[in-house]
Amino acid sequence: MTRKYDRVIVGGGLAGLMSALVAATEKKKVALLMKGVGSIAIASGAIDLYGKGVGKLDPFKTIKLLPKNHPYSIVGIENIINAIKYFEETTARYGYPYKSICGRNSFIPTPVGWLKPVHLIPSTMDATRLISETNIAIVGVEGLKDFSPTLIHSGMLKQMAYADKQFLTAMMPNPFNTGRDTTSLDLARYVDTIDGMQWLNKSLRAVISGYKVAIIPPILGTEPSRYIPDALMESVGIYLHEMPTLPPSVHGMRLQKLLMSQLNALGVDVIENADVCRADVSGGVCEAIYTAAPDVERAYHAERFIIATGGFLGGGLKAGVNGVSESIFGLTIDAPENIEDWSNPNMLSSGHNFASMGIRVNEVLQAVDSTNKPILSNVHFVGRTIGGYDFASELSGGGVALATAYTAGRL
Ligand SMILES: Cc1cc2nc3c(=O)[nH]c(=O)nc-3n(C[C@H](O)[C@H](O)[C@H](O)COP(=O)(O)OP(=O)(O)OC[C@H]3O[C@@H](n4cnc5c(N)ncnc54)[C@H](O)[C@@H]3O)c2cc1C
């Protein structure tokens, strides 16, 4: 059987899902091959655009000044803006809108009380609702890991925006009797049920009377839907701000569900547990890629291939004794010869070379050699597999994934 498509996309992280959506919107016949969900399941669920230096408040101010080899400079401002617009429209159409606050970054409190600059957020992460109140409740759940109201409170008091606020810290009873640690995901799954909704409604009412806003862990259900948040907020009569917690990420899982559901609606063939192991390349053109299977390899043919396999963590880049390479086509990645130069001895520094290693690409996201000549004419790379940026220190991971995926998906 020939599996022939207009676009074959490899990788089920944010960049792969977005590429597949955009290509399908462009009326292309699309297959998405994925062997896992990628970092979307461990990320906060908010989309970072750029959060370093002056870009902390107004990311576009800094993006305009980035070096030529940064993925944002390569795809250009127009593609970044259009990618954001496309993402906002897609999430709004689904009924779980992501927005930026006036086109700038907003600062969401984190479980240690630090404020993180983020760009696109779902409605239950809107910190402007917190800033506008004098009294803020922080409500945890007994036995819930990684969400300590007292720690959050002491951290937030050190932030200028919250220094003059009055805080209440409180705990709700744990609804389970399992004898093991509870995660936000356990509680969100419980709140998906009628019993869980009733437990949360009753527990919140018992601890926060008189408050108009409360910070809670992300437990308002697992679905990308406003139904549970809106119903609870209306019934309890306060704004509930869901703070992202450590993995598993409830916000990330909601976003993943939303994007997958849109792919189904657009008729994309999603092939899960598909591990792309090799490609046929002839004369600089990729003829087919192959997924590994216990018995037989399966070939996928396409006019263009979009590779969204991530970095070292996702599996798109491999480091070995001979250096660093891309994992499907075996492309060589620039890396210092001496392995000691890959990282900085100061662990907390932002100057780790390995963090920005990746494929060098041109404006249509083809891999290029040292003379800027395209290596594979019909293969385009997106997301963390591209080099020239360090998402962790810049706080730019989600934004680069969306902007590069949008650019490649429209080719
Ligand atoms: C802990 C953590 C927290 C983060 N928090 C945030 C945040 O809060 N906000 C933000 O904007 N960004 C955040 N980021 C960064 C952001 O998640 C990534 O930069 C971005 O989502 C990259 O997406 P990607 O699709 O390029 O790669 P990935 O998410 O790594 O996805 C790669 C996908 O490719 C698949 N794959 C790899 N090889 C193959 C193969 N051979 N065949 C088939 N499939 C394959 C993988 O299984 C995976 O599904 C965070 C990153 C990490 C690690």
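**Exercise 1. Work out how the shell around the ligand divides by residue class, and which residues and elements stand out in it.**

Start with the classes: in this predicted model, the shell holds 18 nonpolar, 17 polar and 4 charged residues. Next, look for the residues that come nearest. Out of the 39 around the ligand, these are Gly 13, Gly 310, Gly 383, Gly 397 and Gly 398. Finally, turn to the elements: two or more shell residues come from each of α1 (14-25), β2 (30-34), β12 (275-282) and α12 (397-409).

**Exercise 2. Find out where the largest nonpolar core lies relative to the domains.**

First, get a feel for the core: it has 109 residues, and Val 8, Met 18, Ala 20, Ala 214, Leu 402 and Ala 405 have the most contacts inside it. Then ask which element gives the most; that's α1, with 9 residues. Now check the domains. Residues come from both domain 1 (3-96 + 254-409) and domain 2 (111-243), so the core lies between them.

To zoom in, pick Ala 20. Skip its neighbours within four places in sequence, and you'll find Ala 20 in contact with Ile 9, Val 30, Leu 32, Leu 263 and Val 268.

**Exercise 3. Lay out the sheet made by β15, β16 and β17, and explain why one side of β15 and of β17 has no neighbour in the sheet.**

Write down the order: β15-β16-β17, an open sheet of 3 strands with antiparallel pairing. β15 (317-320) and β17 (332-333) are at the edges with a single partner strand each, so one side of each has no neighbour in the sheet. Now follow one pairing: β15 and β16 (residues 323-326) are joined over 4 bridges. Along it, Ala 319 sits opposite Val 324 in β16.

Technical notes:
Residues are numbered from 1 along each chain as its sequence is written. This is a predicted model: local features need pLDDT of at least 70, side-chain atom pairs count only at pLDDT 80 or more; totals for chains, interfaces and linings use all residues. A residue is near a molecule or strand if its C-beta atom, placed from the backbone, lies within 6 Å of it. Ala, Val, Leu, Ile, Met, Phe, Trp, Tyr, Cys and Pro count as nonpolar, Asp, Glu, Lys and Arg as charged, and the others, Gly among them, as polar. A nonpolar core is a set of buried Ala, Val, Leu, Ile, Met, Phe, Trp, Tyr and Cys residues joined through C-beta atoms within 7 Å. A residue is buried if 20 or more other C-beta atoms lie within 10 Å of its own, exposed if 12 or fewer, and partly exposed in between; C-beta atoms are placed from the backbone. Domain bounds come from an automatic or database domain assignment. Two residues are in contact if their C-beta atoms, placed from the backbone, lie within 7 Å. Two strands pair if DSSP finds at least two bridges between them.
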